[in-house]
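Reader: Hi! I have a new model open on my screen and would love to talk it through with you. Could you help me find my way around?

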Amino acid sequence: MDLNHLLNSLIPSWNSAGLLLVYFTYLRLAGSVLPGKLVPGVTLSDGSRLYYRCNGLASLVLLVALLGLGAWADFVSPAVIADRGLELLSTTFIFSVIVTSLLCAVGSKSSSQSSSLKPYVTRNKLNDWWLGIQLNPHFMGIDLKFFFVRAGMMGWLLINLSVLGKCFENSSLSQSMILYQLFCLLYILDYFIHEEYMTSTWDIIAERLGFMLVFGDLVWIPYTFSIQGWWLLYNKVELTTAAVIANCFVFLIGYMVFRGANKQKHVFKKNPKALIWGRPPKVIGGKLLVSGYWGIARHCNYLGDLLLALSFSLPCGISSPVPYFYPIYLLILLIWRERRDEARCAQKYKDVWAEYCNVVPWRILPYVY
């Protein structure tokens with residue numbers, strides 16, 4: 001692909017805007033009408049709490065089924081996203097900028113004193129635009145923060161499926177592509193099966209909705225996490241049996257740590273007396289869990305996330321650093337986030353946090369300070 005073709009491919013179009021509109025409209029309707037578990041969020045500082053309808057899995061299955069029927073009836077091409085990848089990327093980016101600007105404009109004028117809608121405005125307008133002004137802004141009854149992260153995770157799978165459709169169209173399906181697609185599919189399905197766990201994550205309970213989250217959910221997740229699929233679409237990789245087995249091992253270990261740690265934290269928040277690994281949980285200061293994975297290393301769930309990211313890249317071999325952009329970026333991001341979390345926890349829990357750090361000295365990776 002030459003430079004001119006690349007630049008032309010990045011030009012947004014009304015067709016791409018239409019695809020986004022149809023996608024968001026579907027998510028809005030499916031999220032409203034499909035059955036799902038109603039999950040209470042954390043109690044906010046003013047004593048209120050939001051409730052989330054966790055029907056993402058039903059929405060995803062129905063959407064894939066509808067797209068499958070559309071492809072079978074020649075109504076839509078399975079490769080439509082793969083054919084418009086860069087165009088959709090630029091369109092989604094522009095959408096993210098517009099939405100963030102509207103959120104800032106509306107949020108700054110809010111007079112609500114509720115924890116969700118109270119405006120947090122500083123003298124730094126760029127900082128407010130980047131980090132957001134309101135905690136849980138809504139639009140037409142939609143919790144935008146929860147809506148956008150769902151859209152990003154589903155978008156990731158839709159991009160992968162379209163890339164897979166392009167492989168079939170080109171008769172270029174490889175063992176590496178199958179491995180990558182399988183790992184991502186399992187990870188995304190697991191996310192939606194356990195979607196309620198998202199309601200207790202830091203992004204949902206503490207981060208305000210600004211460009212950092214809007215861009216991260218709508219652009220970064222689907223388009224960055226799928227880099228390996230795009231790369232495999234244009235590059236053939238032959239894996240040995242040993243490499244395939246090792247790759248599967250990395251994925252399984254990463255999944256076990258990631259899902260296990262997050263589940264322990266979520267269950268503990270809901271029921272502090274629930275058994276962990278068959279034993280009553282050990283707690284410091286009545287708040288900080290030191291049992292299970294959380295007694296091995298602080299933020300050990302990040303270790304699982306990193307191993308999973310690595311498993312998505314390993315099917316691409318080692319001939320190029322491009323497919324490893326995601327795990328490298330994630331390593332930098334999680335180290336930075338871990339530092340931010342450490343500072344916040346130290347300020348919030350004070351002496352209790354110091355005691356916790358003495359009991360669990362390792363950070364992310366056991367035996368690493």
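Reader: Which helix is Leu 62 found in?

Author: Leu 62 sits in helix 3, which covers residues 56-72. Keep in mind that this is a predicted model.

Reader: Thanks! Is Leu 62 buried or exposed?

Author: In between: Leu 62 is partly exposed, with a relative accessible area of 36%. Together with Leu 66, Leu 69 and Trp 72, Leu 62 makes up a nonpolar patch on the surface. The accessible area of the four together is about 480 Å².

Reader: Let's go inside, then. Which residues touch the most other members of the largest nonpolar core?

Author: Those are Tyr 23, Phe 148, Met 153, Trp 156, Tyr 187, Ile 188 and Phe 312, in a core of 72 residues. Helix 7, residues 144-170, gives the largest share of this core, with 14 residues. There is also another core apart from it, made of ten residues that include Val 257, Phe 268, Ile 276 and Trp 294.

Reader: What does Tyr 23 touch, leaving out residues up to four places away in sequence?

Author: The list is Leu 63, Arg 150, Ala 151, Met 154, Gly 155 and Leu 158.

Reader: Arg 150 caught my eye. Which residue forms a salt bridge with Arg 150?

Author: That would be Glu 195, and the closest N and O atoms of the pair are 2.9 Å apart. Glu 195 is in the loop between helix 8 (175-193) and helix 9 (202-205), while Arg 150 is in helix 7, so the salt bridge ties together parts 45 residues apart in sequence.

Reader: And are those two buried or exposed?

Author: Glu 195 is buried, with a relative accessible area of 2%. Arg 150 counts as buried as well, at 6% relative accessibility.

Reader: How many salt bridges does the structure hold?

Author: There are 13. One of them pairs Lys 166 with Glu 169, at 3.0 Å from N to O. These residues are three apart in helix 7, so about one helical turn separates them. Lys 166 counts as buried at 16% relative accessibility, whereas Glu 169 is partly exposed at 46%.

Reader: What about Asp 203, which residue is its salt-bridge partner?

Author: Asp 203 pairs with Arg 337, with 3.2 Å between the closest N and O atoms. Because Asp 203 lies in helix 9 and Arg 337 in helix 14 (residues 325-349), this pair links parts that are 134 residues apart in sequence. Elsewhere, salt bridges with shared partners join Asp 83, Lys 166 and Glu 169 into one network.

Reader: New topic: where is Arg 53 found?

Author: Arg 53 is in strand 2, residues 51-54, and is partly exposed at 36% relative accessibility. Beyond its neighbours within four places in sequence, the contacts of Arg 53 include Gly 31, Leu 34, Phe 146 and our friend Arg 150.

Reader: Last one, the whole chain. How many helices and strands are there?

Author: The protein chain has 15 helices and six strands. Its radius of gyration is 21 Å, close to the 21 Å that the globule rule gives for 369 residues, so the chain is as compact as a globular protein of that length. Buried residues make up 49% of the 369.

Reader: And what about its surface?

Author: The accessible surface comes to about 19000 Å², and 67% of that belongs to carbon and sulfur atoms.

Note on methods. Residues numbered from 1 in each chain as written. Predicted model: local features only at pLDDT ≥ 70, side-chain atom pairs only at ≥ 80, totals over all residues. Heavy atoms only, no water. Core = buried A, V, L, I, M, F, W, Y, C linked by side-chain atoms within 4.5 Å. Buried < 20%, exposed > 50% of the residue type's maximum accessible area, 1.4 Å probe, protein only. Helix = DSSP H or I, 4+ residues; strand = E, 2+ residues; numbered from the N terminus. Contact = heavy atoms within 4.5 Å. Patch = residues over 30% accessible without salt bridge, like charges linked within 9 Å, V, L, I, M, F, W, Y side chains within 5 Å. Areas by Shrake-Rupley, 256 points an atom, 1.4 Å probe, with all protein chains shown as cover. Salt bridge = Lys/Arg side-chain N within 4 Å of Asp/Glu carboxyl O. Rg over C-alpha atoms; globule rule 2.2 N^0.38 Å.
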